[in-house]
Amino acid sequence: MWPEIIRLSKEGGLDVIETYVFWNNHEPERGQYYFEGRFDLVKFVKTVQEAGLLVHLRIGPYACAEWNYGGFPMWLHFLPGIQFRTNNAIFKNEMKRFLAKVVNLMKEERLFASQGGPIILAQVENEYGNVESSYGQPGELYVQWAAKTAVSLNTTVPWVMCAQGDAPDPIINTCNGFYCDQFTPNSPSKPKMWTENYSGWFLSFGYPIPYRPVEDLAFSVARFFEYGGTFQNYYMYFGGTNFGRTAGGPLVATSYDYDAPIDEYGFIRQPKWGHLRDLHKAIKLCEEYLISSDPTLEKLGRNLEAHVYYKSSNSCAAFLANFDSISDARVTFKGNEYFLPAWSVSILPDCKNVVFNTAKRQNDQYDDVFLICKVVSQRHPAENAFTRSTSTHEVSLATSDWSWYQEYVGIWGTNSFTKSGLLEQINTTKDTSDFLWYSTRYVNQAVILEKLSNRNKW
């Protein structure tokens with residue numbers, strides 16, 4: 001499915017494909033590596049490169065991602081004296097070894113940008129800032145070590161740490177969340193980057209199917225670039241499925257659809273995919289201005305503002321924002337009047353003509369749009385449940401057979417034992433099962449007494 005998913009991503013206006021690297025699948029046994037099949041990382045990166053896109057490689061190696069054990073291999077759990085994600089020599093030695101394995105694999109295939117490859121960014125750790133305080137000083141030392149170790153691997157591309165406000169130089173700290181326009185890096189020398197913009201949320205048993213309106217998602221993206229953003233990634237743009245026992249976390253379902261622009265089955269989700277595609281086109285029309293200057297803020301009223309990017313005194317691009325969640329507004333900007341729906345951003349690549357408004361679906365956009373690329377009309381999913389894209393590219397899918405797995409009652413290993421009380425799950429099953437089987441015997445005391453009183457009759 002990779003080529004088709006990547007093609008749809010490119011057609012939707014993406015420039016970079018971002019992916020995690022799951023340690024537990026690439027090193028299922030200590031020192032025994034696996035980079036084949038659906039875990040052929042080299043092939044995946046090369047497939048992205050063949051499509052003309054770039055790659056952000058989030059090595060971690062802790063991933064979270066609602067993935068089994070957060071991406072850590074189970075054998076790591078049983079190393080004597082180990083403590084995860086802290087200033088622990090045993091853990092750090094194993095983590096460094098895996099980081100080096102992945103980096104060297106990419107170097108050997110000449111896949112980093114400096115080698116002519118597509119990888120422009122790499123990530124070490126993942127959202128550690130959310131838990132760092134619970135580790136105290138060892139946590140701070142671990143962050144310093146992780147940064148130093150990553151840089152020492154000499155990828156020749158920048159490293160990032162997401163959700164890590166104290167990321168040491170030159171590591172770039174980035175934002176994760178639903179809105180990151182107000183995010184500021186911890187150094188003026190670092191670009192403003194957004195590694196996870198949630199297109200929806202993961203599915204949990206017993207909870208509603210997650211949904212995020214595309215108008216709100218588009219608003220968040222436009223506001224980010226309005227405020228000087230340089231890199232924004234959707235989490236997820238395609239989520240797919242966590243097959244087998246890879247789904248991890250309380251009540252997390254195997255579906256990782258995430259209400260993404262490309263749905264779990266690989267089909268485009270309208271109107272989300274199309275609306276974001278048009279947003280990407282509009283932002284790219286402003287590109288030469290966005291890289292020429294920092295934005296200049298102009299207040300247009302209560303909850304109303306403009307950010308202007310100047311290439312020269314009489315040449316600019318602008319973002320007009322109404323961040324009131326209820327009230328529409330009319331504003332005057334550079335002598336012209338504009339209508340701004342509530343919670344929306346209008347994009348003006350020439351500081352005059354509105355080519356896109358985040359709250360307006362494509363058919364509702366202004367008639368005087370200033371678009372270089374022809375825009376095709378969107379279709380509702382109900383019109384054709386299997387609409388893949390606007391091109392004539394066809395994909396053939398091989399027939400898949402059903403399979404099943406019989407899980408026997410018992411415990412890991414050949415030696416059984418008897419123990420009263422509850423047991424620790426991982427230590428007992430060694431992650432060979434999601435179930436820990438218990439047995440018990442119920443005795444009816446009244447029946448026993450009756451039998452004892454009548455034993456002479458038996």
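**Figure 1. K101 sits over the ring of Y33 in this predicted model.** K101 lies over the face of Y33, at 4.6 Å from the ring centre. As you look at this and the following views, please keep in mind that the model is predicted. A second arrangement of this kind involves R85, which lies over the face of Y62 at 3.8 Å from the ring centre.

**Figure 2. Y62 also belongs to an aromatic cluster.** Its partners in the cluster include W23, Y69, F72, W75, F84 and F91. F98, Y128, Y135, Y142 and W145 are members as well. For the wider setting, a search of the whole structure finds 31 aromatic pairs.

**Figure 3. Y198 and W201 meet edge-to-face.** The ring centres are 5.2 Å apart and the planes stand at 90°, so this pair is edge-to-face. Are the two partners buried or partly exposed? Y198 is buried, with a relative accessible area of 9%. W201, at 37% relative accessibility, counts as partly exposed.

**Figure 4. Y309 and F319 form an edge-to-face pair between two strands.** Here the centre-to-centre distance is 6.1 Å, with 70° between the planes. Y309 lies in strand β9 (residues 304-312) and F319 in strand β10 (residues 315-322), so the pair ties together parts that are 10 residues apart in sequence. Both Y309 and F319 are buried.

**Figure 5. The largest nonpolar core holds 47 residues.** Within this core, L57, I59, M106 and W159 touch the most other members. Two or more residues come from each of α3 (41-50), β2 (54-60), α4 (74-77), α5 (89-108), β3 (119-124), α6 (137-152) and β4 (159-162). Which element gives the most? That is α5, with 9 residues. A second, separate core has 35 residues, among them F183, F224, L279 and F356. In soluble globular proteins, nonpolar side chains tend to be buried together.

**Figure 6. A close-up of L57 shows its contacts with residues elsewhere in the sequence.** Setting aside neighbours within four places in sequence, L57 is in contact with T19, V21 and L41. V102, M106, I119, L121, A122 and Q123 are also in contact with L57. For the chain as a whole, residues 24 or more positions apart account for 58% of the contacts with a separation of 6 or more.

**Figure 7. Helix α3 packs its buried residues against several other elements.** The buried residues in α3 include L41, V42, F44, V45, T47 and V48. An α-helix has 3.6 residues a turn, so residues three or four places apart point the same way. The buried residues of α3 pack against α1 (2-11), β1, α2 (23-26), β2, α5 and β3. After α3 comes G52, whose phi is positive, near 85°. If you would like the overall count while tracing these elements, the chain has 11 helices and 14 strands. Buried residues make up 49% of its 458 residues.

**Figure 8. The second largest pocket is lined by 29 residues.** This pocket has a volume of about 820 Å³. To find your way to its centre, look for F225, G229, T230, F231 and Q232, the lining residues that lie nearest to it. β1 (16-20), α7 (214-226), β7 (231-235), α8 (272-284) and α9 (287-290) each supply at least two residues of the lining. β7 gives the most, with 4 residues.

**Figure 9. Cis peptide bonds precede P170 and P271.** The bond from D169 to P170 is cis, with omega near 0°. P170 is found in the loop between β4 and β5 (172-177). The bond joining Q270 and P271 is cis too, with omega about 5°. P271 has its place in the loop between β7 and α8.

**Figure 10. A163 and W343 have positive phi values.** Phi of A163 is about 50°, although this residue is not a glycine. A163 is found in the loop between β4 and β5. W343, another residue other than glycine, has a phi near 55°. Where does W343 lie? Its place is in the loop between β12 (336-340) and β13 (344-348). At 28% relative accessibility, W343 counts as partly exposed.

Methods:
Residues are numbered from 1 along each chain as its sequence is written. This is a predicted model: local features need pLDDT of at least 70, side-chain atom pairs count only at pLDDT 80 or more; totals for chains, interfaces and linings use all residues. Side-chain values use heavy atoms; hydrogens and water are left out. A nonpolar core is a set of buried Ala, Val, Leu, Ile, Met, Phe, Trp, Tyr and Cys residues joined through side-chain atoms within 4.5 Å. Buried means under 20% relative accessible area, exposed over 50%, partly exposed in between (1.4 Å probe, protein chains only). Contact means heavy atoms within 4.5 Å. Rings of Phe, Tyr and Trp (its six-membered ring) pair if their centres lie within 6.5 Å; planes under 30 degrees apart count as stacked, over 60 as edge-to-face and the rest as tilted. A charge sits over a ring if NZ of Lys or CZ of Arg is within 6 Å of the ring centre and within 35 degrees of the ring normal. On a 1 Å grid over the protein atoms alone, a cavity is a set of points where a 1.4 Å probe fits but cannot get out, and a pocket is an open set with protein on both sides within 12 Å along at least five of seven lines; lining residues have an atom within 4 Å of a point. Grid points are joined across faces, edges and corners, and a volume is the space filled by probe spheres set on the points.
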